[in-house]
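Subject: Handover of a structure and its findings

Dear colleague,

Please find below the structure that I am handing over to you. I would be grateful if you could look through it before reading the notes that come after it.

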Amino acid sequence: MKDFLAVSDYSPVELQEMLDLAVALKKELKSGGNKPLLKGKVLGMIFQKPSLRTRVSFDMGMRQLGGDALYLSPAEIGLGQRESIADVARVLSGYVDGLMARVFAHDHVLQLAQWSSVPVINGLSDYNHPCQAMADALTIIEDFGSMKGLNVTYIGDGNNVAVSLMHICAKLGANFTIANPEDYDITPKAIEDARKFAAVSGSKLTFLRDPHAAVKGAHVIYTDTWTSMGQEAEAKKRELVFPPYQVNAALVAEADPKAIVLHCLPAHRGQEITDEVADGPHSRLFPQAHNRMHAQKAVLVKLLA
């Protein structure tokens, strides 16, 4: 594969190899630093959306591997507005060794990959968030040793994060359950793909409305913001729909006693998650955020080394 656009593009073996590499690179970093596997390589980072974790994790990941990263703000490029995506991709391909794009429309990242002659990494689109899913899987594996046979429950909006989490669970043999309100389902195409992957891995997919039913026996409880970037106009409506889907201490108590809680951040504390849970013993929010860097380093090495 030239690009990293979706978890669904990779086989279970390839995903597991990258996760094993992430574990090895993280260990190596802690025992004195990474080998300069990307010495002389530069990653161009295109941002349509603001970012904390995506920007810093890719930038630091490249530096730790001996390479460099170049930040390109929305004002500098105006992807598809000031200049066509095809032209931007072809121009940047002559300057850098790889591109990471954090975009609104998934089609933008697909077009970049189509026209770029260097690898393109999807740093987030409205359809999916594959880099986040790799960090999620790494975090789960650190706690449980493997994804196989675990019960992973997602509570809330069937958004881009839910899509990539569902796909990595279905690929690596974890059972995926989602509880979301009506009209906030995961897209049918993403579910169709997940069913195909689950048929191969033996994982079970469950789609519910009731969060309490969804967390029964859960080893992992995952939530995300009720209103994603670009949906600000719907915020008021969503704030009326989603309160029953809050991940609070009472809900966590209904899961497996050793359950861990994940959130891709930023968290709107007091909405989708309470302080008590986010800062409590079940929380893995910050190791998960740090694992963005470690998981992405494995992707960078696979594509650029």
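The notes below go through the two sheets, and then through a few residues.

Please bear in mind throughout that this is a predicted model.

The first topic is a sheet of four strands. This sheet is open, its strands follow the order β2-β1-β3-β4, and the pairing is parallel. The edge positions belong to β2 (68-72) and β4 (120-124); each has a single partner strand, so one side of each is left without a neighbour in the sheet. From one strand to the next, the twist averages 20°. Strand β1, residues 42-47, pairs with strand β3, residues 98-102, in the parallel sense, and five bridges join the two. Within this pair, L43 stands opposite G98 of β3. Helix α2 packs on the sheet, where it touches β1, β2, β3 and β4. The direction of α2 makes about 175° with that of β1.

Helix α2 covers residues 53-64 and includes V56. Is V56 buried, exposed or partly exposed? Its relative accessible area is 44%; because this value falls between the limits of 20% for buried and 50% for exposed, V56 counts as partly exposed. Together with L52 and M60, V56 makes a nonpolar surface patch of about 260 Å².

A residue with another setting is V109, which is placed in helix α5 (residues 106-115). V109 has a relative accessibility of 0% and therefore counts as buried, the cut-off being under 20%. Which residues is V109 in contact with, leaving aside its neighbours within four places in sequence? They are L5, A101, V103, V120, I121 and N122. A89 lies 20 residues from V109 along the chain, and the C-alpha atoms of the two are separated by 10.0 Å.

The remaining topic is a sheet of five strands. This sheet is also open, with the order β7-β6-β5-β8-β9 and parallel pairing. At its edges stand β7 (205-208) and β9 (260-263); each has a single partner strand, so one side of each is left without a neighbour in the sheet. Here the twist averages 20° from one strand to the next. Strand β5, residues 151-155, and strand β8, residues 220-223, pair in the parallel sense over four bridges. The bridge partner of Y154 is Y222, which lies in β8.

With kind regards

Note on methods:
Residues numbered from 1 in each chain as written. Predicted model: local features only at pLDDT ≥ 70, side-chain atom pairs only at ≥ 80, totals over all residues. Heavy atoms only, no water. Patch = residues over 30% accessible without salt bridge, like charges linked within 9 Å, V, L, I, M, F, W, Y side chains within 5 Å. Areas by Shrake-Rupley, 256 points an atom, 1.4 Å probe, with all protein chains shown as cover. Salt bridge = Lys/Arg side-chain N within 4 Å of Asp/Glu carboxyl O. Buried < 20%, exposed > 50% of the residue type's maximum accessible area, 1.4 Å probe, protein only. Pairing = 2+ DSSP bridges. Axes fitted to C-alpha atoms, helices over the stretch in contact; angles between N-to-C directions. Contact = heavy atoms within 4.5 Å.
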